[in-house]
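Thanks for making time this morning. I would like to talk through some helix packing and then a pocket, so please have a look at the sequence and the model before I go on.

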Amino acid sequence: MTPLMSLTRAQKAAAILVAMGKPSASRLLKFFKQEELKALIEGARLLRTIPQNDLERIVAEFEAEFTEGAGLLDSADRMDTILNESLSPEEMSAIMGDKKFEVAPEGPPPIWPELEKLEPARLGTFLAGEHPQTAAMVLSKLAPQTAAGVLLTLTKPMRGEIIKRMVTMANVPDAAARIVENRLRTNVLAETSTKDTSAGQARVASVLNELDKPLLEEVMQDLEAAGTPDLDGVRARLFSFDDLPLLTQKARVLLFDGLSTELVTLALRGTSAALAESVLSAIGARSRRMIEAELGQGSDGVPAADIATARKTIVTTTIRLSREGAFELPSTQDAA
């Protein structure tokens, strides 16, 4: 029997790995450095019997719930079994000093910003099947507003368990965090990416919005004839300067309230009377008189490129305000 007070940190870590069992320990071992694995092996070989009470105290030190039931016997043999089934002979030799070993790269960057873009219910469904300690770790990494939204999708008992653990949670080791990140990347983000094409639709729409109206319509007809999928989602994100009359009066007022009279005047040069009226009707009387006076002098000498740039600025502002929720684009309203 190994006295608790005489255990080193490496021996305590080895005891917890054995308590986790082969599947979980095998995944975790992949994230240890060479010198750490060597210390674990050497520490485990000195372990024999660990009483259950002592094991629970070790687990409490690491602030995680890894095991339940009887104490551990023959920790060294079980650690050897886990290592032999987790690592190749070459890796074992490298760990024990027989040859040099290249440490695997840290892996992809953290995924928390990507998770915050998901619907709360999507992440909540995944966390509902996980241990509350894992769910607490995940929510502690997210922005407070996102974490609160996810919590509301869970049952009351689950919420209570998660919040209790979030209150007492200390810093999570990097190796443990990477294991959870990999599970989320595989079971949440990978599945979402195969279903959610909104990012691709937005990219295509941003390109098509750079085209003039006639060319844009021609390209959309070609895409439709070719059977391009999710074309309605792309169409809902398209908007051109000629579409301004299709906006509601309230939307036009919001749009032009933040634009300068100089920009609006430049954009309206050479437009049809109907389009100009739809814009001017959304502008205050004083600004309208100033713009009409400028337009009455004609457009001679005004570079066409400057007019196109002004119109593009108004289009870009319209799309940005719609994404911020100020109003809906007319194509979106038609789809609804």
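The crossing of α16 and α20 is right-handed, and I should say at once that this comes from a predicted model. Helix α16 covers residues 249-257 and helix α20 covers residues 304-323, and the two pack at an angle of about 120° with their axes 10 Å apart. On the α16 side the contact is made by Leu254, Leu255 and Phe256, while α20 contributes Ile314, Thr317, Thr318 and Leu321. Sorted by class, that contact has 5 nonpolar and 2 polar residues, and no charged ones.

Now let me stay with α20 and turn to another partner, helix α17, residues 261-268, which packs against α20 at an angle of about 115°, with the axes 8 Å apart. The crossing of α17 and α20 is left-handed, whereas that of α16 and α20, as I said, is right-handed. Here α17 brings Leu263, Leu266 and Ala267 to the contact, and α20 brings Asp306, Ile307, Ala310, Arg311, Thr313 and Ile314. By class, the contact of α17 with α20 divides into 6 nonpolar residues, 1 polar residue and 2 charged residues. If you are following on the model, Ile314 of α20 is listed in the contact with α16 and also in the contact with α17.

So where does the second largest pocket lie with respect to domain 3 and domain 4? It lies between them, because domain 3 (195-234) and domain 4 (239-322) both give residues to its lining. Its volume is about 320 Å³, and of the 15 residues that line this pocket, the closest to its centre are Leu211, Asp212, Phe241, Ala308 and Arg311. The elements that give two or more residues to the lining are α14 (213-225) and α20, with the largest share, 4 residues, coming from α20. The lining divides into 7 nonpolar, 2 polar and 6 charged residues. Arg311, one of the residues closest to the pocket centre, is also among the α20 residues in contact with α17.

Finally, one more helix pair, α9 (residues 132-141) and α11 (residues 156-168), whose axes come within 8 Å and cross at roughly 65°. This crossing is right-handed. The contact is made by Pro132, Gln133, Ala135, Ala136, Leu139 and Ser140 of α9, together with Met158, Glu161, Ile162, Arg165 and Met166 of α11, and by class it has 7 nonpolar, 2 polar and 2 charged residues.

Technical notes:
Residues numbered from 1 in each chain as written. Predicted model: local features only at pLDDT ≥ 70, side-chain atom pairs only at ≥ 80, totals over all residues. Heavy atoms only, no water. Axes fitted to C-alpha atoms, helices over the stretch in contact; angles between N-to-C directions. Left-handed = near helix turned anticlockwise from the far one by under 90°. Contact = heavy atoms within 4.5 Å. Nonpolar A, V, L, I, M, F, W, Y, C, P; charged D, E, K, R; others polar. 1 Å grid on protein atoms, 1.4 Å probe; cavity = no way out; pocket = protein on both sides within 12 Å on 5 of 7 lines; lining within 4 Å. Points joined across faces, edges and corners; volume = space filled by probe spheres on them. Domains from an automatic or database assignment.
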